[in-house]
Amino acid sequence: RGVQEAMNPEDEVDEFLGRAIDARSIDQLRKDHVKKFLLTFQTSSLEKKYSKKVDDRFGGYVACTLLVFCFISFIQIVIFPRTPVMLGIYISIFVILANILFICAIYSCIKLFPAAMQTVSKKIVQSRTNSTLVGVFSIILVFISAFVNMVSARQSRARRGKNSKKKENQQRPVVCQFACDTTSLEQCVAEKLNTSAALVTPCLIRSLNVSLEGGLEICPSQGPSCPFPEYFSYSVLLTLLACSVFLQISSIGKLALMLLIQFSFLLLVEWPQAALLDNADLFVSSNAIPFVVTKVSLRVMTPVILTVFVLALYLHAQQVESTARLDFLWKLQVRVATAGGRHFTSPGLPRCYKTPHFQATEEKEEMEELQAYNRRLLHNILPKDVAAHFLARERRNDELYYQSCECVAVMFASISNFSEFYVELEANNEGVECLRLLNEIIADFDEIISEEKYRQLEKIKTIGSTYMAASGLNDSTYDKEGRSHITALADYAMRLREQMKYINEHSFNNFQMKIGLNIGPVVAGVIGARKPQYDIWGNTVNVASRMDSTGVPDRIQVTTDLYQVLANKGYVLECRGVVKVKGKGEMTTYFLNDAPPNS
């Protein structure tokens with residue numbers, strides 16, 4: 001049945017049309033906004049936005065370049081003669097690339113390093129120009145490592161003449177020459193045998209007992225033998241591969257860089273030293289006898305392979321950049337739609353491109369953004385479970401929401417002498433500075449109650465300089481067995497007391513805080529159709545307020561019921577005695593001094 005439904009002709013037609021519309025949309029988008037060959041945006045504003053996009057994967061690109069360099073080094077060390085110049089340059093390049101990688105990797109974990117290193121890492125990664133320059137520099141280092149083994153410093157040979165004996169005793173100048181022996185075998189053998197170069201065939205070379213590593217006995221090598229020169233070309237191919245790693249470099253920039261590498265290698269290394277390739281071809285042909293081998297000369301194959309590889313990497317870079325730019329346009333559309341509503345006001349993207357599919361996506365995301373914003377506002381007014389109740393369904397203005405809670409811990413914390421501190425004078429901006437300090441104090445209390453360990457607590461309201469909070473108001477925060485919501489409120493009260501001491505020390509004030517705690521049943525609910533207010537009512541709340549008003553500055557006063565719970569949990573409490581409480585008569589109260597000793 002599922003197969004039959006999947007093969008429904010109507011569904012197939014719908015799917016085909018959907019794919020066709022998407023394909024035409026992408027082609028139209030590319031045609032309208034991206035230049036065909038350069039792959040730059042037609043409007044400067046879009047190009048400027050795209051150039052500011054940060055690619056935080058730049059450290060990964062440098063790591064891939066370092067890996068390519070390690071492969072090249074391994075090939076060069078295994079295949080070719082090792083010289084001090086080669087080893088010194090390879091170590092230097094490895095240290096430079098490793099340092100670049102370390103600086104760029106700091107961007108991923110930037111807070112763990114000094115400010116100076118953070119600044120350098122940000123300047124490289126967040127700037128498209130700087131990251132491009134660093135990428136080109138890394139590629140050039142890899143390119144140098146691809147053929148540096150072919151060059152070494154040697155003393156120049158003295159010419160034979162009348163004064164040759166005198167000149168032999170003089171120190172000859174040191175010049176940069178090819179490390180490999182580049183003497184033409186055909187010319188050398190022809191000179192030794194007094195014949196023409198055209199008569200030097202692979203059969204003749206084989207008959208002269210050629211050793212691939214040692215050269216010809218009649219033509220001794222004047223330098224180290226490089227029997228596999230094609231590996232130099234392979235190393236350059238790896239360098240070209242490293243160019244494709246850096247995605248922030250444009251496809252045109254990669255093409256120019258790869259062509260520069262290719263022609264530099266051909267002009268400076270391969271064509272001037274073509275004898276090295278001819279010798280390798282001659283050795284291969286002579287060693288293949290008596291078999292007939294049809295082999296294209298390395299002098300021809302090397303430029304062809306490099307050119308094909310450059311074109312392939314350029315086409316790949318074009319595809320990657322085109323996809324990245326189209327993805328950037330789609331993201332920009334969604335961002336503008338979310339921020340700007342239904343009116344498409346982006347200067348870079350005209351209104352005519354808006355497809356019906358995009359309009360639907362725009363309206364959906366706008367609705368989701370508005371719902372999320374309303375939800376955040378409601379959570380700042382009501383507890384999450386109460387807000388979820390009102391968001392789940394329609395509510396009449398006369399509907400009452402309430403909830404009975406059997407065991408809730410209630411706290412009142414008041415700054416008893418704040419009224420003495422508040423004075424309206426011209427020096428304190430008619431009391432505004434006093435309110436500013438009170439706001440900072442309440443904000444500190446709010447920040448503390450939002451910590452994970454106080455997740456069972458709920459701020460109820462502030463009344464002047466009095467802070468009211470409670471715990472155990474819903475099923476997710478009420479702990480009937482362990483009573484953890486009660487101990488959490490006790491810990492919070494002690495935390496507020498310590499915070500007030502800290503505020504006094506740093507604000508040079510002497511605020512005195514009285515805190516009262518009580519436990520018992522309450523009724524929680526929301527009152528009002530406009531500006532609804534969440535609150536709790538009951539005898540428990542009234543007694544907790546009396547514990548605050550009849551308390552002692554800088555002490556936490558609790559009732560007998562709460563004393564029994566906290567004492568069983570190991571809290572340190574002190575009996576205050578009998579206190580006259582308005583509306584309740586005489587009550588025995590206690591002071592909460594400290595948390596359990598082992599906490």
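A patch, in this tour, is made of residues with over 30% relative accessible area and no salt bridge, and nonpolar side chains are joined into one patch when they lie within 5 Å. The model on screen is predicted.

**Stop 1: the nonpolar patch**

Select Leu259, Phe263, Leu267, Leu268 and Trp271, and show their side chains. Together they make a nonpolar surface patch of about 510 Å². Now keep only phenylalanine 263, which is found in helix H12, residues 251-270. Is phenylalanine 263 buried or partly exposed? Its relative accessibility is 42%, so phenylalanine 263 counts as partly exposed.

**Stop 2: two other residues of H12**

Move to phenylalanine 265, which also lies in helix H12. Phenylalanine 265 has a relative accessible area of 3%, and because buried means under 20%, it is buried. Which residues touch phenylalanine 265, leaving aside its neighbours within four places in sequence? Its contacts are Phe143, Phe147, Phe232, Ser233, Val236, Glu270, Thr302 and Leu306. Select Phe143 from that list. The C-alpha atoms of phenylalanine 265 and phenylalanine 143 are separated by 9.1 Å, although the two residues are 122 residues apart along the chain.

Next select serine 251, another residue in helix H12. Serine 251 has 0% relative accessibility and counts as buried. Apart from neighbours within four places in sequence, serine 251 is in contact with Leu39, Tyr314, Ala317, Gln318 and Glu321. Keep Glu321 selected, as this residue returns at the next stop.

**Stop 3: salt bridges**

The count of salt bridges comes to 10. Select glutamate 47 and arginine 325, which form one of them, with the closest N and O atoms 3.0 Å apart. This pair links distant parts of the chain: glutamate 47 is in helix H3 (residues 44-51) and arginine 325 is in helix H14 (residues 298-340), 278 residues apart. How do the two partners differ in accessibility? Glutamate 47 is partly exposed, with a relative accessible area of 22%, whereas arginine 325 counts as buried at 3% relative accessibility.

Now select aspartate 446 and lysine 459. Their side chains meet in a salt bridge of 3.2 Å, N to O. Aspartate 446 belongs to helix H18 (residues 432-449) and lysine 459 to strand E4 (residues 457-463), so the pair links distant parts of the chain, 13 residues apart. Aspartate 446 is partly exposed, with a relative accessible area of 26%. Lysine 459 is partly exposed too, with a relative accessible area of 29%. Return to Glu321 and show it with Glu47 and Arg325: salt bridges that share partners join these residues into one network.

**Stop 4: strand E3 and its partners**

Select residues 401-415, which are strand E3. How many of the 15 residues of E3 are buried? The number is 11, so E3 is largely enclosed by the rest of the structure.

Add strand E6, residues 513-527. E3 and E6 pair in the antiparallel sense over 13 bridges. To see one bridge, pick methionine 411; its bridge partner in E6 is leucine 517. Then add strand E5, residues 466-471, which is joined to E3 by six bridges and runs antiparallel to E3. Here alanine 413 stands opposite tyrosine 467 in E5. Turn on the side chains along the strand and look from the edge. In a regular strand the side chains alternate between the two faces of the sheet.

**Stop 5: the annotated spans**

An unreviewed UniProt entry carries the annotation "transmembrane region" for residues 58-79, 85-110, 131-151, 231-249 and 296-315. Colour these spans, then look at two of them. Residues 58-79 are 100% helix and 0% strand, with the end C-alpha atoms 32 Å apart. Residues 296-315 are 90% helix and 0% strand, and their end C-alpha atoms lie 27 Å apart.

**Stop 6: the whole chain**

Clear the selection and zoom out. The protein chain has 21 helices and 10 strands. Of its 599 residues, 40% are buried. The chain exposes about 34200 Å², and carbon and sulfur atoms supply 57% of that area. Among contacts between residues at least 6 apart in sequence, 67% join residues at least 24 apart. The contact of phenylalanine 265 with Phe143, from Stop 2, joins residues that are 122 residues apart along the chain.

Definitions and conventions. Residues numbered from 1 in each chain as written. Predicted model: local features only at pLDDT ≥ 70, side-chain atom pairs only at ≥ 80, totals over all residues. Heavy atoms only, no water. Buried < 20%, exposed > 50% of the residue type's maximum accessible area, 1.4 Å probe, protein only. Helix = DSSP H or I, 4+ residues; strand = E, 2+ residues; numbered from the N terminus. Pairing = 2+ DSSP bridges. UniProt positions renumbered as here; feature names shortened; annotations may be inferred. Patch = residues over 30% accessible without salt bridge, like charges linked within 9 Å, V, L, I, M, F, W, Y side chains within 5 Å. Areas by Shrake-Rupley, 256 points an atom, 1.4 Å probe, with all protein chains shown as cover. Salt bridge = Lys/Arg side-chain N within 4 Å of Asp/Glu carboxyl O. Contact = heavy atoms within 4.5 Å.
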